[in-house]
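The following exercises practise the reading of a protein model. Each task sentence is followed by a solution that proceeds step by step.

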Amino acid sequence: MEYTMRKRIDDDFESVVEKTMSALEDEGFGVLCDIDVQATFAEKLNEEFRKYRILGACNPQLAFEGLEDEIELGALLPCNVIVYETDDGVTVSAVDPEQLVGITDNPELDSISEEVADRFERVLDEL
């Protein structure tokens with residue numbers, strides 16, 4: 001089962017992270033958290049890992065609407081967007097909000113998850 005939408009980019013890692021954050025902002029998302037997985041593994045486990053960042057993206061208006069319909073939705077927020085190095089470039093991958101919200105089995109959230117999916121598609125297209 002596919003649970004992300006992704007795109008591979010031929011650019012340097014830090015540039016892709018900056019462009020991703022900018023594209024998210026253009027679509028109304030703030031990045032609430034930015035987790036540097038590589039640095040965390042190095043510090044906590046003394047292990048080497050590829051460049052890998054987890055960006056916790058949230059659109060406040062859509063989150064508000066979703067929480068109005070499903071108070072437990074907060075357990076699935078923010079929506080994660082990851083940026084990581086591969087052997088042939090950098091990949092940006094966003095959680096598929098329709099898959100994620102689908103686990104709530106609440107049809108009231110369908111229009112919100114579709115809106116978030118459309119915005120994430122535009123973010124990836126912008127890269």
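**Exercise 1. The sheet**

The structure is a predicted model. Determine how β4 and β5 pair, and then place them in the sheet.

*Solution.*

Step 1. Six bridges connect β4 with β5, and the pairing is antiparallel. One of the bridge pairs consists of Ile-82 and its partner in β5, Ser-93. A hairpin of two residues leads from β4 to β5.

Step 2. On the other side of the comparison stands the pair β3 and β4, which is joined by six bridges and also runs antiparallel. Here Gly-56 has Asn-80 in β4 as its bridge partner.

Step 3. β2 and β3 are antiparallel as well, with six bridges between them. Asp-34 is partnered by Leu-55 of β3.

Step 4. The full order is β1-β5-β4-β3-β2, an open sheet of five strands with antiparallel pairing. Its edge strands are β1 and β2 (30-36), each of which pairs on one side only. From one strand to the next, the twist averages 20 degrees. As background, strands of a sheet pair through backbone hydrogen bonds.

**Exercise 2. Helices across the sheet**

State which strands are crossed by helix α2 and which by α5.

*Solution.*

Step 1. Helix α2, residues 37-45, lies across β2 and β3, and its direction makes an angle of about 40 degrees with β2.

Step 2. α5 lies across β1, β4 and β5, at about 10 degrees to β1.

**Exercise 3. The nonpolar core**

Identify the residues that touch the most other members of the largest nonpolar core, and find the element that gives the largest share.

*Solution.*

Step 1. The largest nonpolar core has 29 residues, and those touching the most other members are Leu-24, Val-81, Val-83, Val-92, Val-116 and Phe-120.

Step 2. Elements that contribute two or more residues are β1 (4-9), α1 (13-26), β3, β4, β5 (89-95), α4 (97-102) and α5 (110-126). The largest share, six residues, belongs to α5.

Step 3. Leu-24 serves as an example: beyond its neighbours within four places in sequence, Leu-24 is in contact with Phe-29, Val-31, Leu-55, Ala-57, Val-81, Phe-120 and Val-123. In general, nonpolar side chains of soluble globular proteins tend to be buried together.

**Exercise 4. The aromatic cluster**

Which residues are linked into a cluster by ring pairs, and why is the pair of Tyr-52 and Tyr-84 called stacked?

*Solution.*

Step 1. The structure contains four aromatic pairs. Phe-49 and Tyr-52 form a tilted pair, with 5.9 Å from centre to centre and 55 degrees between the planes.

Step 2. For Tyr-52 and Tyr-84, the ring centres are 5.5 Å apart and the planes meet at 20 degrees. Planes under 30 degrees apart count as stacked, and therefore this pair is stacked.

Step 3. The stacked pair links distant parts of the chain, 32 residues apart: Tyr-52 belongs to strand β3 (residues 52-58) and Tyr-84 to strand β4 (residues 79-86).

Step 4. Ring pairs link Phe-41, Phe-49, Tyr-52 and Tyr-84 into a cluster. The charged end of Arg-50 sits over the ring of Phe-49, 5.9 Å from the ring centre.

Step 5. Gln-38, a residue of helix α2, touches Phe-49, Arg-50, Lys-51 and Tyr-52, with residues up to four places away in sequence left out of the count.

**Exercise 5. Buried or exposed**

Classify Tyr-84, Phe-49, Gln-38 and Asn-46 as buried, partly exposed or exposed.

*Solution.*

Step 1. The limits are under 20% relative accessible area for buried and over 50% for exposed.

Step 2. Tyr-84 has 17% relative accessibility and so is buried.

Step 3. Phe-49, at 34%, is partly exposed. Gln-38, at 28%, is partly exposed.

Step 4. Asn-46 reaches 71% and is therefore exposed.

**Exercise 6. Unusual backbone geometry**

Where does a cis peptide bond occur, and what is phi of Asn-46 and of Asp-105?

*Solution.*

Step 1. The general expectation is that most residues other than glycine have a negative phi and that most peptide bonds are trans.

Step 2. The bond between Leu-77 and Pro-78 is cis, with omega about -5 degrees. Pro-78 is located in the loop between α3 (60-69) and β4.

Step 3. Asn-46 has a positive phi, near 55 degrees, and lies in the loop between α2 and β3.

Step 4. Asp-105 is not a glycine, yet its phi is positive at about 55 degrees. Asp-105 lies in the loop between α4 and α5 and is exposed, with a relative accessible area of 70%.

How values were computed: Residues numbered from 1 in each chain as written. Predicted model: local features only at pLDDT ≥ 70, side-chain atom pairs only at ≥ 80, totals over all residues. Heavy atoms only, no water. Phe/Tyr/Trp six-rings, centres within 6.5 Å; stacked < 30°, edge-to-face > 60°. Buried < 20%, exposed > 50% of the residue type's maximum accessible area, 1.4 Å probe, protein only. Helix = DSSP H or I, 4+ residues; strand = E, 2+ residues; numbered from the N terminus. Lys NZ or Arg CZ within 6 Å of the ring centre and 35° of its normal. Core = buried A, V, L, I, M, F, W, Y, C linked by side-chain atoms within 4.5 Å. Contact = heavy atoms within 4.5 Å. Pairing = 2+ DSSP bridges. Axes fitted to C-alpha atoms, helices over the stretch in contact; angles between N-to-C directions.
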